Amino acid sequence: MSSISVRRIDEETIRRLRERAARHGVSMEEEVRRILQSAVSGPERLGDLARETFGTEHGVDLELPRHDPHEPVTPGQ
C-alpha cells in the first residue's frame, strides 16, 4: 500500500472530517480513505448514481423501477 501526505488543509475541513468520521464510527484516516476511494470510483449503474445524488440522505425519497442488471456504459458507445 502507498501513503500520501496532504499539506495545508484548513482547520474547518479537518473539523468536518473529524465529525464525519465520528458519525461513521471510523478514524479520520479511514474516512479520508473512503472519501478518496469514492471520488475515483464511478457508480456501476445509473440508478446507483441517482441514489447517491438524490437519495434519502439528501432529503429525497426516490423509488426507482426494478431493472435487470446491465453492463456499465463505456465512453464512445
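Begin by selecting Glu12, Arg15, Arg16 and Glu19, which are linked in a network of salt bridges; the model on screen is a predicted one, and the tour moves outward from this group.

Within that network, keep Glu19 and Arg15 selected and display their side chains: the two form a salt bridge in which the closest N and O atoms are 2.6 Å apart. Glu19 and Arg15 are 4 residues apart in helix α1, and therefore separated by about one helical turn. Colouring by accessibility, you will find Glu19 partly exposed at 37% relative accessibility, and Arg15 likewise partly exposed at 35%.

Next, select the whole of α1, residues 11-24, and look along its length. The helix has 14 residues and reaches 20 Å from its first C-alpha to its last, close to the 20 Å expected at 1.5 Å a residue. Now highlight Ile14, Leu17 and Ala21, which are the buried residues of α1. If you turn the view to look down the helix axis, these buried residues fall within an arc of 60°, so they line one face of the helix. On the other side of α1, pick out Arg16, Ala22 and Arg23, which are exposed.

What do the buried residues of α1 pack against? Add α2, residues 28-40, to the selection, for this is the helix against which they pack.

With both helices shown, select Arg20 and Glu31, which form a salt bridge whose closest N and O atoms are 2.6 Å apart. Arg20 lies in helix α1 and Glu31 in helix α2, so the pair ties together parts that are 11 residues apart in sequence. The two partners sit in contrasting surroundings: Arg20 is partly exposed, at 34% relative accessibility, whereas Glu31 is buried, with a relative accessible area of 1%, which falls under the 20% cut-off for that class.

Staying in α2, move to Glu30 and Arg34, a salt bridge with its closest N and O atoms 3.1 Å apart. Both residues lie in this helix, 4 residues apart, or about one turn. Glu30 is partly exposed, with a relative accessible area of 24%, and Arg34 is also partly exposed, with 42%. Over the structure, the count of salt bridges comes to 7.

Finally, leave the charged residues and select Ile4, Val6, Ile9, Val32 and Leu36, which make a nonpolar surface patch of about 430 Å². Centre the view on Ile4, which is found in the segment before α1 and, at 66% relative accessibility, counts as exposed.

Key
Residues numbered from 1 in each chain as written. Predicted model: local features only at pLDDT ≥ 70, side-chain atom pairs only at ≥ 80, totals over all residues. Heavy atoms only, no water. Patch = residues over 30% accessible without salt bridge, like charges linked within 9 Å, V, L, I, M, F, W, Y side chains within 5 Å. Areas by Shrake-Rupley, 256 points an atom, 1.4 Å probe, with all protein chains shown as cover. Salt bridge = Lys/Arg side-chain N within 4 Å of Asp/Glu carboxyl O. Helix = DSSP H or I, 4+ residues; strand = E, 2+ residues; numbered from the N terminus. Buried < 20%, exposed > 50% of the residue type's maximum accessible area, 1.4 Å probe, protein only. Expected span 1.5 Å × (residues − 1). Arc of directions from axis to C-beta. Contact = heavy atoms within 4.5 Å.
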